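Welcome, and thanks for taking a look at this one with us. Please open the sequence and the structure side by side, and we will walk through the main points together.

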Amino acid sequence: MTDAPTLHTDRLILRPHGIADYPACRALWADPQVVRHVGGVPLDAQAVWFRLLRYAGMWSLLGYGMWVIEDRTIGAFLGEGGLLSAARGLPELEGVPEAGWVLGPQAWGRGVASEAMDAVVRWADAHLDAPSLRCIIAPDHGASIRVAEKLGFVALADSMLGDKPTRVFDRPRRPHSA
């Protein structure tokens, strides 16, 4: 069993999810503005509960997973980010961790996703034996594409996830420097 580490950046704390995060996760995933580029449909209470349980399972079984992204100064829940294995059926995602981030409106346009995910990819470079990280982004989601490119992801392939177009991005593992 692997416990999720806590990561710190200048403005953020990335920490493991706990049961106490359920209300904030529920609000995040129920917001139509938040999910418009991530499946497009708000999640009900049970789906969010199962998501929270999966987060712990990924850490336990895979040695990586998702973190809560929290404002370091005031402790506010800003969203979630990290690594996952989602068995999406996309061949480009097989065998590599998938990076993902979802933020609430209070964090948009502030560089929070870039700062949080920079900590995640640095952690992955240092702790995972994976040839690369991949992420999927809706082709019309310019803000997330800019975050991915800032982190070193490059477009790999255009695909369909169900009936929605998606773009797969790749970021080769970078040697860890002490």
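Is Cys-25 buried or exposed? Cys-25 is buried, because its relative accessible area is 1%. Please keep in mind that this is a predicted model. The points below start with the cysteines, then turn to helix α4, the core, the salt bridges, and a few places in loops and on the surface.

**Cysteines**

- Cys-135 also counts as buried, because its relative accessibility is 1%.
- The count of disulfides comes to 0, where a disulfide would need a pair of cysteine sulfur atoms within 2.5 Å.
- Cys-135 does have a part in the largest nonpolar core, where it is listed with the residues that have the most contacts.

**Helix α4**

- Helix α4 runs over residues 112–127 and has 16 residues.
- From its first C-alpha to its last, α4 reaches 23 Å, close to the 22 Å expected at 1.5 Å a residue.
- Of the 16 residues of α4, 12 are buried, so this helix is largely enclosed by the rest of the structure.
- Among the buried residues of α4 are nonpolar ones such as Val-112, Met-117, Val-120 and Trp-123, and the list also includes Ser-114, Glu-115 and Asp-125.

**The nonpolar core**

- The largest nonpolar core has 33 residues.
- Those with the most contacts inside this core are Leu-14, Ile-69, Leu-83, Trp-101, Trp-123, Cys-135 and Phe-153.
- At least two residues of this core come from each of β2, β3 (66–71), β4 (77–84), β5 (98–103), α4, β6 and α5 (142–150).
- Helix α4 supplies the largest share of this core, with 9 residues.

**Salt bridges**

- There are 10 salt bridges in the structure.
- One of them joins Arg-11 to Glu-115, with the closest N and O atoms 2.6 Å apart.
- Arg-11 sits in the loop between β1 (7–8) and β2 (12–15) while Glu-115 belongs to helix α4, so this pair ties together parts that are 104 residues apart in sequence.
- The two partners sit in unlike surroundings: Arg-11 is partly exposed because its relative accessible area is 33%, whereas Glu-115 is buried because its value is 17%.
- Another salt bridge pairs Asp-125 with Arg-171, where the closest N and O atoms are 2.7 Å apart.
- Asp-125 is in helix α4 and Arg-171 in strand β8 (residues 164–172), so parts that are 46 residues apart in sequence are tied together by the pair.
- Asp-125 counts as buried because its relative accessibility is 8%, and Arg-171 counts as buried because its relative accessibility is 3%.
- Arg-134 and Asp-170 form a salt bridge too, with 2.5 Å between the closest N and O atoms.
- Arg-134 lies in strand β6 (residues 132–137) and Asp-170 in strand β8, so the pair ties together parts that are 36 residues apart in sequence.
- Both Arg-134 and Asp-170 are buried.
- Arg-15, Asp-21 and Glu-70 are linked in a network of salt bridges.

**Places in the loops**

- Asp-21, a member of that network, lies in the loop between β2 and α1 (22–30).
- Asp-21 is buried because its relative accessible area is 7%.
- The C-alpha atoms of Asp-21 and Leu-78 are separated by 11 Å, with their positions 57 residues apart along the chain.
- Pro-97 is found in the loop between β4 and β5, and it counts as buried because its relative accessibility is 5%.
- The C-alpha atoms of Pro-97 and Arg-11 are separated by 25 Å, and the two residues are 86 residues apart along the chain.
- Ala-87 also has its place in the loop between β4 and β5, but it counts as exposed because its relative accessibility is 73%.
- Phi of Ala-87 is near 45°, a positive value in a residue other than glycine.

**On the surface**

- Ile-19, Trp-49, Phe-50 and Leu-53 form a nonpolar patch on the surface, and together they have about 380 Å² of accessible area.
- Within this patch, Trp-49 has its place in helix α3 (residues 45–62).
- Trp-49 counts as partly exposed because its relative accessibility is 31%.

How values were computed:
Residues are numbered from 1 along each chain as its sequence is written. This is a predicted model: local features need pLDDT of at least 70, side-chain atom pairs count only at pLDDT 80 or more; totals for chains, interfaces and linings use all residues. Side-chain values use heavy atoms; hydrogens and water are left out. Patches are made of residues with over 30% relative accessible area and no salt bridge: like charges are joined within 9 Å, nonpolar side chains (Val, Leu, Ile, Met, Phe, Trp, Tyr) within 5 Å. Accessible areas come from the Shrake-Rupley method with a 1.4 Å probe; for residues, only the protein chains shown count as cover. A salt bridge is a side-chain nitrogen of Lys or Arg within 4 Å of a carboxyl oxygen of Asp or Glu. Helices (H or I, at least four residues) and strands (E, at least two) are DSSP runs, numbered from the N terminus. Buried means under 20% relative accessible area, exposed over 50%, partly exposed in between (1.4 Å probe, protein chains only). The expected span of a helix is 1.5 Å times one less than its number of residues. A nonpolar core is a set of buried Ala, Val, Leu, Ile, Met, Phe, Trp, Tyr and Cys residues joined through side-chain atoms within 4.5 Å.
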